[in-house]
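Hi,

Here is the structure I said I would pass on. Have a look at it first, and my notes follow below.

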Amino acid sequence: MEKVAFYTRSIDGYGAGYGMTTGSYNVFIGRTAGFCNTIGTANVFIGDCAGYFAGDSNLRTNNVFIGRNAGKCGAGRQSIFIGQYAGQNQAGSILNVIGIG
């Protein structure tokens, strides 16, 4: 497992945070968690593929995705997805979504 810690970022897991450039205040824990989250900020993605390809826009901010594939390929901001596949493939940049399942 690769482990990298910065003042404003914490990343743990193979491929976690891959592609991040200027995103800050993020926590990615799990294999490919936060993969391709390049500039999104203030996100917490925990779990295998949580937040995977959640977009490279600064609109992907202030999210909490917990669980395998939670928020995978999804969009949105200020959202909470808890559970396996919760919020997967959510379209658009909708605000304040809560998904549990």
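A question to start with: is Y52 buried or partly exposed? The answer is partly exposed, because its relative accessibility is 26%, and the cut-off for buried is under 20%. Before I go on, please keep in mind that this is a predicted model, so every value here is computed from predicted coordinates.

**Overall picture**

The protein has 0 helices and 7 strands, so there isn't much to say about the order of elements: from the N terminus on, they run β-β-β-β-β-β-β. There are 101 residues, of which 47% count as buried. The accessible surface comes to about 5200 Å², and 59% of that area belongs to carbon and sulfur atoms. If you look at contacts in the protein with a separation of 6 or more, residues 24 or more positions apart account for 1% of them.

**Aromatic rings**

Back to Y52, since the rings took up a good part of my time. The count comes to 5 aromatic pairs. One of them is F35 with Y52, a stacked pair with 4.9 Å centre to centre and 10° between the planes. F35 lies in the loop between strand 3 (26-29) and strand 4 (44-46), and Y52 in the loop between strand 4 and strand 5, so this pair ties together parts that are 17 residues apart in sequence.

Another stacked pair is F45 with F65: the ring centres are 4.7 Å apart and the planes are at 5°. Here the partners sit in strands, F45 in strand 4 and F65 in strand 5, so parts that are 20 residues apart in sequence are tied together. F45 counts as buried because its relative accessibility is 1%, and F65 counts as buried too, at 2%. Both rings belong to one aromatic cluster, formed by F28, F45, F65 and F81.

Y52 has one more thing to show: the charged end of K72 sits over its ring, 5.4 Å from the centre. Y52 is also in contact with T32, a residue of the loop between strand 3 and strand 4. Leaving aside neighbours within four places in sequence, T32 is in contact with Y14, G15, A16, C49, A50 and Y52. T32 is buried, with a relative accessible area of 9%.

**Salt bridges**

How many salt bridges does a search of the whole structure find? It finds 2, and D48 takes part in one with R31 and in one with R68. With R31, the closest N and O atoms are 3.0 Å apart. That pair links distant parts of the chain, with D48 in the loop between strand 4 and strand 5 and R31 in the loop between strand 3 and strand 4, 17 residues apart.

The D48 and R68 side chains meet at 3.2 Å, N to O. R68 lies in the loop between strand 5 and strand 6, so this salt bridge ties together parts that are 20 residues apart in sequence. Put together, R31, D48 and R68 are linked in a network of salt bridges. Both arginines are partly exposed: R31 has a relative accessible area of 44%, and R68 has 39%.

**The isoleucine patch**

Last topic: which residues make the nonpolar surface patch? They are I29, I46, I66, I80, I82, I98 and I100, and the patch covers about 610 Å². Strand 6 (80-82) and strand 7 (98-100) each supply at least two of its residues.

I66 is the member I followed up. I66 lies in strand 5 (residues 64-66) and counts as partly exposed because its relative accessibility is 34%. That value also clears the cut-off for patch residues, which is over 30%. Not counting residues up to four places away in sequence, I66 touches I46, F81, I82 and G83. Two of these contacts, I46 and I82, are patch members as well. As for I80, its C-alpha atom is separated from that of I66 by 8.1 Å, with the two residues 14 apart along the chain.

That's what I have for now. Shout if anything is unclear.

Cheers

How values were computed: Residues numbered from 1 in each chain as written. Predicted model: local features only at pLDDT ≥ 70, side-chain atom pairs only at ≥ 80, totals over all residues. Heavy atoms only, no water. Patch = residues over 30% accessible without salt bridge, like charges linked within 9 Å, V, L, I, M, F, W, Y side chains within 5 Å. Areas by Shrake-Rupley, 256 points an atom, 1.4 Å probe, with all protein chains shown as cover. Salt bridge = Lys/Arg side-chain N within 4 Å of Asp/Glu carboxyl O. Helix = DSSP H or I, 4+ residues; strand = E, 2+ residues; numbered from the N terminus. Buried < 20%, exposed > 50% of the residue type's maximum accessible area, 1.4 Å probe, protein only. Phe/Tyr/Trp six-rings, centres within 6.5 Å; stacked < 30°, edge-to-face > 60°. Lys NZ or Arg CZ within 6 Å of the ring centre and 35° of its normal. Contact = heavy atoms within 4.5 Å.
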